[in-house]
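Hi,

Here is the structure I promised to pass on. Have a look at it first, and my notes on what turned up follow below.

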Amino acid sequence: MWFSKALVAYDGSEPSKRAIEAALDMAQHHPEAKFVFAHVLKLPPVRSGTGVEAMFAEDAQNTLADLQRLVEPLGERAETRMLRGTSPADVLIRGAQDEGCDLIIMGSRGRGGVAGYLGSVSYAVVQESPINVLVAK
């Protein structure tokens with residue numbers, strides 16, 4: 001098997017939903033594989049004190065709840081995580097390493113991405129990751 005544990009990035013965008021679909025399909029073909037489904041809460045580089053962080057945290061909790069519902073069919077083979085940091089690409093790469101993953105699965109672009117182009121986060125992960133990255137279109 002070419003992977004044993006995959007980190008799957010999810011932000012609620014259509015491409016990230018396709019990454020979830022790809023992971024669920026891969027799970028059917030690799031019943032021994034495990035999956036870590038992750039949503040990144042992007043933190044501002046400086047605390048603003050305006051309550052913006054709380055708004056982002058609430059949105060992230062809602063996205064994580066959606067993610068948990070999507071991956072229920074995998075049962076114990078799936079774990080969900082909320083990762084936090086200022087650079088989503090760095091957070092995803094570090095999260096995959098911390099979890100012992102040998103594959104990252106993610107959408108081609110996230111929320112706000114320009115159709116037809118690889119997003120900045122997915123581009124950075126592809127360029128910097130020491131492990132394989134599968135990008136769902």
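Helices α3 and α4 are oblique to each other, because their angle of about 45° falls outside the ranges that count as roughly parallel (under 35 degrees), roughly perpendicular (65 to 115) or roughly antiparallel (over 145). Please keep in mind that this is a predicted model. The two axes lie 8 Å apart, and the crossing of α3 with α4 is right-handed. On the α3 side (residues 88–99), the contact is made by Pro88, Ala89, Leu92 and Ile93. Helix α4 (residues 120–128) contributes Val121, Ala124, Val125 and Glu128. Sorted by class, that contact has seven nonpolar residues, one charged residue and no polar ones.

Now to the sheet. Its five strands are ordered β3-β2-β1-β4-β5, and the sheet is open with parallel pairing. β3 (78–85) and β5 (132–136) are the edge strands; each has a single partner, so one side of each is left without a neighbour in the sheet. On average, neighbouring strands are turned by 25° against each other, direction ignored.

For a closer look at one pair, try β2 (residues 34–42) and β3, which are joined in the parallel sense over eight bridges. Among the residues there, valine 36 has glutamate 79 in β3 as its bridge partner.

Two helices also meet this sheet. Helix α1 (residues 14–29) packs on the sheet and touches β1, β2, β4 and β5, with its direction at about 140° to that of β4. Helix α3 lies across β1, β2, β3 and β4, and runs at about 135° to β3.

Best wishes

How values were computed
Residues numbered from 1 in each chain as written. Predicted model: local features only at pLDDT ≥ 70, side-chain atom pairs only at ≥ 80, totals over all residues. Heavy atoms only, no water. Pairing = 2+ DSSP bridges. Helix = DSSP H or I, 4+ residues; strand = E, 2+ residues; numbered from the N terminus. Axes fitted to C-alpha atoms, helices over the stretch in contact; angles between N-to-C directions. Contact = heavy atoms within 4.5 Å. Left-handed = near helix turned anticlockwise from the far one by under 90°. Nonpolar A, V, L, I, M, F, W, Y, C, P; charged D, E, K, R; others polar.
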